[in-house]
Amino acid sequence: MRPSEGSTAGRSAIGAGPSALRCEDSGAGDAIVFLRDSTEQSALIEQLAQNFRVLAFTLPRAVEASTIAAEIDQAAARHGVAQYSVIAGSDYALAAIALAISFAGRVNALVLITPGTELLAGAANRNGLTADLAFEQITAPTLTLFGTRQDAAAFDVGRSLAKRIANCFYILVYDSDCNIGRHCPQALLELVRDFLKRRDRFVVGRDSSAIRE
Amino acid sequence: MKAMKASFFCTNTYLAPEAFARPGWPASPKLYRPEIGVRSADYALEQARLADEAGFDWVSCSEHHYMPLLQTPNPNVFAAALTQVVKRARIAVLGPLVSMNNPVRVAEEFAMLDQLSKGRLVMLFLRGTPNEFLAYGVNPDETRARTQEASALIVRALTEPEPFGWEGRFFRFRTIAVWPGPIQRPHPPIFYSGNSLESASFAAANHFGLGMSYYPPQMVSQLALYYREQCAKSGWRPTTDQLIYRTFVGVAEDDKTAAGMKERFFGLTATVASMTAGRGAAVKALTPFGAAESLARDRERKSAPKPDQGQAGFGFGALQFCGSPDAVVQQIANFHALTGVGVLDVSFGGAGLTPQEAERSFRLFSREVLPRIRSIGAGDAPRAVNEAASHAGSGR
């Protein structure tokens, strides 16, 4: 099912579970499981595929997070992917977290782009599910991104994740709302790409300040 | 309404005239004599101490570079010294040039100052004068955007409870966790340098107070009105002490003596001429009257001051408030009624006046003006001030 290197994409429908996942497989390199949602993420997926192998999943709605997480992991395995990083937008942050908790040995890193307030204790997501996940069990280095023009509740989510996940990097993208991919696509790409390449060492500056060598 | 407040602008001016003899910016470092430098700092800190004792509400300082008039290239260093001699008044850093400094460093220094002053810090985010952008090699065309981003980042750095990163247009930090934190929560009072409509809009949108400087009262009134309108659009109303006005004051025993001071005072004329001479001429001259032009155009106010009514830059040369104590009190009352400004940030010296005259102004202002301006604004109804400001702003 994997496309040959250099090909743009391979599509597959995975009907093993009740959810009928759809997956696009592109690029080569370390694997990323990308849980795409309604926001504009095609460009990001395409750009990441220049450095990584990206399994971009389109998920059904109204499915319980732990159930869908198991199906995604199985689908990744069927693609021959044993280790992967996970990226999710706000709609599928819970599923991504469930993956990071349930399959901790296989998830290298976790990226949550503007996760929503359903992650806060006691809140319910749009599918009526509550966030009863134990974020403290996440061991993968985690990057959470928010735009500075989001409302205050968004930052409560970021602070909560930063507090509860042992190795969480909470980043604010200046002058963006919740759609960072549209407002600051270059910043989003650079942050995610750098994080997935360097993970914990992502905080170490690499940009040269030399005026000339 | 809150009563009028007074702030003493402590400039740390170099106390030997030969440093001012040759115009142009920057001033040559060879003119600096260490013994004069020490004496200047001692004198400045003593003036600050006296201002505190006299009842000034704030003692302020500002960042300026490469000039003997204002020897505070790092205002936070100077403010740290102020915290040790000013025991009661607020320490107002008005402010660092956030357009060209590391914003995280500025936030850290602000937090330290709030700690050292036991929660008396007031902070203002300043963009700077064009010649000063040369000091650190910042592109002048980017300074407005840099100032805005830096301001947002400083506020975040002072308020975020968890370590965070920042990915911006001009600044990138992967880990920020300011320690010590501010004493005042969520943060010390914030002002934004607001000598233009754009700045006033930004200040309003971000719930910052507004700092204006040296404009004539009519222009201050218009800018203050515009700012209030923008605040209303953002769903809030500033108090009078969220409006600062920096200016010169000259007080003498009688009006006739004061008139002599006013005649000899050349204010910022020479200063601005100097800043825009020498290497300072390499950048576009100050055009603060863009604000007035825009106001006049947008609002069709025939009474708006024209750009050519002032000196180059914002160098209106007059002592804004000058006269006997009685006269100055009345002038300040009139100014408050016109503008609604609640904090006057004043300086007394230099610019053609002798040190003795400056000290006399300071003494008279402290003793005979300051106690009396406390009642100004204290009994105002909010509507009265707004209407006064609106009336003044409309030019009717």
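Trainee: What makes H5(B) stand out in the lining of the second largest pocket?

Mentor: In this predicted model, H5(B) gives that lining its largest share, 6 residues. Helix H5 of chain B spans 143-159, and helix H6 (197-205) of chain B also supplies at least two residues.

Trainee: How do you know which residues count as lining the second largest pocket?

Mentor: A lining residue has an atom within 4 Å of a pocket point. The space itself is about 440 Å³. There are 17 lining residues, and those closest to the centre are Thr148(A), Ala152(B), Val155(B), Arg156(B) and Asn206(B).

Trainee: Why is Ala152(B) called nonpolar, and Arg156(B) charged?

Mentor: Ala is on the nonpolar list and Arg on the charged one, so Ala152(B) and Arg156(B) fall into those classes. Over the whole lining, the classes come to 7 nonpolar, 6 polar and 4 charged residues.

Trainee: Let's turn to chain A. What makes a residue there buried?

Mentor: A relative accessible area under 20% does. Buried residues make up 53% of the 213 residues in chain A. As for its surface, the accessible area comes to about 9,400 Å², with 47% belonging to carbon and sulfur atoms.

Trainee: How do you know that contacts in chain A join residues far along the sequence from each other?

Mentor: Contact means heavy atoms within 4.5 Å. Of the chain A contacts between residues at least 6 apart in sequence, 66% join residues at least 24 apart.

Trainee: And which elements does chain A have, in what pattern?

Mentor: Chain A has 6 helices and 8 strands, and its pattern along the sequence reads β-β-β-α-β-α-β-α-β-β-α-β-α-α.

Note on methods. Residues are numbered from 1 along each chain as its sequence is written. Chains are lettered from A and ligands numbered from 1 in the order in which they are written. This is a predicted model: local features need pLDDT of at least 70, side-chain atom pairs count only at pLDDT 80 or more; totals for chains, interfaces and linings use all residues. Side-chain values use heavy atoms; hydrogens and water are left out. Helices (H or I, at least four residues) and strands (E, at least two) are DSSP runs, numbered from the N terminus. Buried means under 20% relative accessible area, exposed over 50%, partly exposed in between (1.4 Å probe, protein chains only). Accessible areas come from the Shrake-Rupley method with a 1.4 Å probe; for residues, only the protein chains shown count as cover. On a 1 Å grid over the protein atoms alone, a cavity is a set of points where a 1.4 Å probe fits but cannot get out, and a pocket is an open set with protein on both sides within 12 Å along at least five of seven lines; lining residues have an atom within 4 Å of a point. Grid points are joined across faces, edges and corners, and a volume is the space filled by probe spheres set on the points.
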